[in-house]
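Student: I am new to this protein and would like to get to know it step by step. Could we look at it together?

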Amino acid sequence: MKTLLFILIISPIGAFAQLYGNNEIGIINDPDGYTFIREGHGTKTNVIDTLFEGEFFNFTPTDTSNWFKIYKMWNVYGFVHNSRIQNIKDLNNKEQLQLIDSIFDEEIRLHKNYWNNSTKEQKMATKFHEEKFGPTLELFVWYMCKNYDQNLIHKFCEILNLESGSADELPSWALGYIFLCAPDLTINSVKKINSQIVYGHLEFGFSNVTYQKENEIQNYSELKMKIEKITTTNNGEHP
């Protein structure tokens, strides 16, 4: 059963497919700490932008060229040689954990006093959420469904609670996907936070990632009952 759910999780469906399509998420692999985005294939084509160490970008792998089409923040696009691209899914477990954990820590730091911060600090927090936290969520789901890390999902639930006013639906989808492959782990983390906001994310995420896929999930009814139990206990006063 776990294998069936894992296949469902990593397939290019749902929110992540809608956002990224057939693209992958990369960081640069360059000892200089930066690499150029070029107008076309080859080093003699014009430089139109620069990617720096730590920046995320989307890229489209291809077997027909060593120059991959890349998208920076989903609007600036050009070409980068594949030798300068590191797919974040190809990092080892330790590297993936360090990457996700560091981004979650920074997301928490930037959003802890969001409404009390200056406009400049709010813009910094929003920019980080869009450019770092959001693109990390697909890797987070991928990592969690392989490693079932209690500390990492607990930190993620802290972020959901912290960002109570956010209209971003991707975190809900991520929580829903993780619940499918690790339901008990997810329930335990959600209970520890004990927040109506996080319960809402779980319910919304589960509804969306399973929409019209109920027959593909062998234990769908059991999972749905777990969701209903945790979201209706004591008339909404969660344990």
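Student: How many helices and strands does the chain have?
Tutor: Welcome! One thing to keep in mind is that this is a predicted model. Counting the elements along the chain gives 9 helices and 7 strands.

Student: What share of the residues in the chain count as buried?
Tutor: A residue counts as buried when its relative accessible area is under 20%. The chain has 239 residues, and the share that counts as buried is 47%.

Student: What share of the contacts with a separation of 6 or more is made by residues 24 or more positions apart?
Tutor: Here we set aside the contacts in the chain with a separation below 6. Of those that remain, residues 24 or more positions apart account for 67%.

Student: Which helix gives the most to the lining of the largest pocket?
Tutor: Let us begin with the pocket itself, which has a volume of about 280 Å³. It is lined by 13 residues, and His111, Tyr114, Glu163, Gly165 and Ser166 lie nearest its centre. By class, the lining has 4 nonpolar, 6 polar and 3 charged residues. With 4 residues, the element that gives the most to this lining is helix H4 (residues 119-147).

Student: Which two helices hold the cysteines of the disulfide?
Tutor: A search of the whole structure finds 1 disulfide, and it joins Cys145 to Cys181 with an S to S distance of 2.1 Å. The two cysteines are 36 residues apart in sequence, so the pair ties together separate parts of the chain: Cys145 lies in helix H4 and Cys181 in helix H6 (residues 170-181).

Student: Is that disulfide left-handed or right-handed?
Tutor: The handedness follows from the torsion about the S-S bond of Cys145 and Cys181. That torsion is about -75°, so the disulfide is left-handed.

Student: Are Cys145 and Cys181 buried or exposed?
Tutor: Buried means a relative accessible area under 20%, and exposed means over 50%. On that scale, Cys145 and Cys181 are both buried.

Student: Where is Tyr148, and is this residue buried, partly exposed or exposed?
Tutor: Tyr148 sits in the loop between H4 and helix H5 (150-162). Phi of Tyr148 is near 50°, a positive value in a residue other than glycine. Most residues other than glycine have a negative phi. The relative accessible area of Tyr148 is 29%, so this residue is partly exposed.

Student: What is the phi of Gln212?
Tutor: Gln212 is found in the loop between helix H8 (196-209) and helix H9 (220-232). Its relative accessibility is 60%, so Gln212 counts as exposed. Although Gln212 is not a glycine, its phi is positive, at about 60°.

Student: Which residues is Lys155 in contact with, leaving aside its neighbours within four places in sequence?
Tutor: Lys155 lies in helix H5. With a relative accessible area of 17%, Lys155 is buried. Once its neighbours within four places in sequence are left aside, the residues in contact with Lys155 are Asp101, Phe104, Asp105 and Ile108.

Student: How far apart are the C-alpha atoms of Asp30 and Gln86?
Tutor: Asp30 belongs to the loop between strand E1 (24-28) and strand E2 (34-38), and it is buried, with a relative accessible area of 14%. Leaving aside its neighbours within four places in sequence, Asp30 is in contact with Thr35 and Arg84. Asp30 and Gln86 are 56 residues apart along the chain, and their C-alpha atoms are separated by 9.2 Å.

Methods. Residues are numbered from 1 along each chain as its sequence is written. This is a predicted model: local features need pLDDT of at least 70, side-chain atom pairs count only at pLDDT 80 or more; totals for chains, interfaces and linings use all residues. Side-chain values use heavy atoms; hydrogens and water are left out. Buried means under 20% relative accessible area, exposed over 50%, partly exposed in between (1.4 Å probe, protein chains only). Contact means heavy atoms within 4.5 Å. On a 1 Å grid over the protein atoms alone, a cavity is a set of points where a 1.4 Å probe fits but cannot get out, and a pocket is an open set with protein on both sides within 12 Å along at least five of seven lines; lining residues have an atom within 4 Å of a point. Grid points are joined across faces, edges and corners, and a volume is the space filled by probe spheres set on the points. Ala, Val, Leu, Ile, Met, Phe, Trp, Tyr, Cys and Pro count as nonpolar, Asp, Glu, Lys and Arg as charged, and the others, Gly among them, as polar. A disulfide is a pair of cysteine sulfur atoms within 2.5 Å.
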